[in-house]
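Let's walk through this structure together, one piece at a time. Keep the view open beside you as you read.

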Amino acid sequence: MADDVEDANDTALFFRQFVRSPTTTGAVAPSSLRLARVVSAPVPERGDPVIVELGPGTGVFTGEIQRRLAGRGRHLAVEINPLLAARLARRHPGATVVVADAAELPRLLAEHGLDHADAVVSGLPWAAFPGALQDRLLGAISDVLVKGGAFTTFAYVHARALPPAVRFRRRLLETFEEVVAGRTVWGNLPPAFVYHARRPRG
C-alpha cells in the first residue's frame, strides 16, 4: 500500500513538473521499472564503476542503478529541476545528486574528484531538445566516457519518426562506434525502446 501511494505521489509530481516545463521534463509520467532495468543494464556487476545518470526525475532509474551497484563505486545523478533533485537526494542517499545542466558534465565530474565515467544512463527527453543542445549533451557524454564506455537512453515509439528523434539517432551514430536499438518496452507509458551505445568516437 505504501509503495502504491508513493508511486501515485511521484506520478502527480512528475505531471505537475511536465505542465510547468514540458521541454525539460519531457514526459507526463515517470518511467516504468521494466524500462529502468533495460536502461540500467550497462552498470557493471563487479568492481567500483563510476556511473553517471542524467535527468533522473523521480528516481526510477536511480533506484535500479543503486540496486545494481549495491554500495560499490560512485553514482552521480544530474538533475536540472531543484524540486525533483531534493526529493531524489532524500530517497537515494547512496547517490550524489547535483542540480545542474548535464551539458556541464566534464566540470561536474571534476568537482567531485572524478575524471571519467564507465557508463552514462540517461532519462533526458532528447526528442524535445533542439539540435544544438543535443550536440552539446552528446559531446559532454563522449568527453567523460572511457574508451570502452557505454551510454544508454530511451525514446518513445510514437515519436521515433519525428525530425528531432531522427536527428538524435543520426547524431548517436556519429558519436559512437556501436549503436543498437533494443526491443520495445510495451509496459512503459508511453511505450519506449532503448538505445545501447558503446565506444565513443574521437
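A good place to begin is a pair of strands: β1 (residues 50–54) and β2 (residues 74–79) run parallel and are joined by 5 bridges. If you look along this pair, you will find Leu54 standing opposite Val78 in β2. Please bear in mind that what you are viewing is a predicted model.

From that pair we can step out to the whole sheet. The sheet is open and has 7 strands, in the order β3-β2-β1-β4-β5-β7-β6, and its pairing is mixed. Which strands stand at the edges? They are β3 (96–99) and β6 (176–181); each has a single partner strand, so one side of each is left without a neighbour in the sheet. Going from one strand to the next, the twist averages 15 degrees. Helix α5 (residues 82–91) packs on this sheet, where it touches β2 and β3, and its direction makes about 170 degrees with that of β3.

Just after that helix comes a residue worth a stop. His92 is found in the loop between α5 and β3. With a relative accessible area of 14%, His92 is buried, because the cut-off for that class is under 20%. Apart from neighbours within four places in sequence, His92 is in contact with Gly59, Thr62, Gly63 and Gln66.

Now let's turn to Leu105, which is found in helix α6 (residues 105–111). Is Leu105 buried or exposed? Its relative accessibility is 0%, so Leu105 counts as buried. Leaving aside neighbours within four places in sequence, Leu105 is in contact with Val52, Leu54, Val78, Ala140, Ile141 and Val144. Two of these names, Leu54 and Val78, are the residues that stand opposite each other in the parallel pair. Ala140 is 35 residues away from Leu105 in sequence, yet the two C-alpha atoms are 5.8 Å apart in space.

Next comes a pair of helices. Two packed helices are described by the angle between their axes and the distance between the axes. Here the axes of α7 (residues 131–144) and α8 (residues 163–175) come within 10 Å and cross at roughly 30 degrees. The two helices are therefore roughly parallel to each other, and α7 passes α8 in a right-handed crossing. On the α7 side, the residues that meet α8 are Gly131, Gln134, Asp135, Leu138 and Ser142, while α8 brings Pro164, Arg167, Phe168, Arg171, Leu172 and Thr175. By class, this contact has 4 nonpolar, 4 polar and 3 charged residues.

Some backbone details deserve a look too. Most residues other than glycine have a negative phi, and most peptide bonds are trans. Ala70 has a positive phi of about 50 degrees although it is not a glycine. Ala70 lies in the loop between α4 (60–69) and β2, and at 65% relative accessibility it counts as exposed. Arg199 also has a positive phi, of about 60 degrees, but its place is in strand β7, and with 33% relative accessibility Arg199 counts as partly exposed. A cis peptide bond joins Leu189 and Pro190, with omega about -5 degrees; Pro190 is found in the loop between β6 and β7 (192–200).

Finally, step back to the whole chain. The protein chain has 8 helices and 7 strands, and 46% of its 202 residues count as buried. Among contacts between residues at least 6 apart in sequence, 68% join residues at least 24 apart.

Key. Residues are numbered from 1 along each chain as its sequence is written. This is a predicted model: local features need pLDDT of at least 70, side-chain atom pairs count only at pLDDT 80 or more; totals for chains, interfaces and linings use all residues. Side-chain values use heavy atoms; hydrogens and water are left out. Axes are lines fitted to C-alpha atoms, for helices over the stretch in contact, and angles run from 0 to 180 degrees between N-to-C directions. Helices (H or I, at least four residues) and strands (E, at least two) are DSSP runs, numbered from the N terminus. Angles under 35 degrees count as roughly parallel, over 145 as roughly antiparallel, 65 to 115 as roughly perpendicular and the rest as oblique. A crossing is left-handed if the near helix is turned anticlockwise from the far one by less than a right angle, and right-handed if clockwise. Contact means heavy atoms within 4.5 Å. Ala, Val, Leu, Ile, Met, Phe, Trp, Tyr, Cys and Pro count as nonpolar, Asp, Glu, Lys and Arg as charged, and the others, Gly among them, as polar. Two strands pair if DSSP finds at least two bridges between them. Buried means under 20% relative accessible area, exposed over 50%, partly exposed in between (1.4 Å probe, protein chains only).
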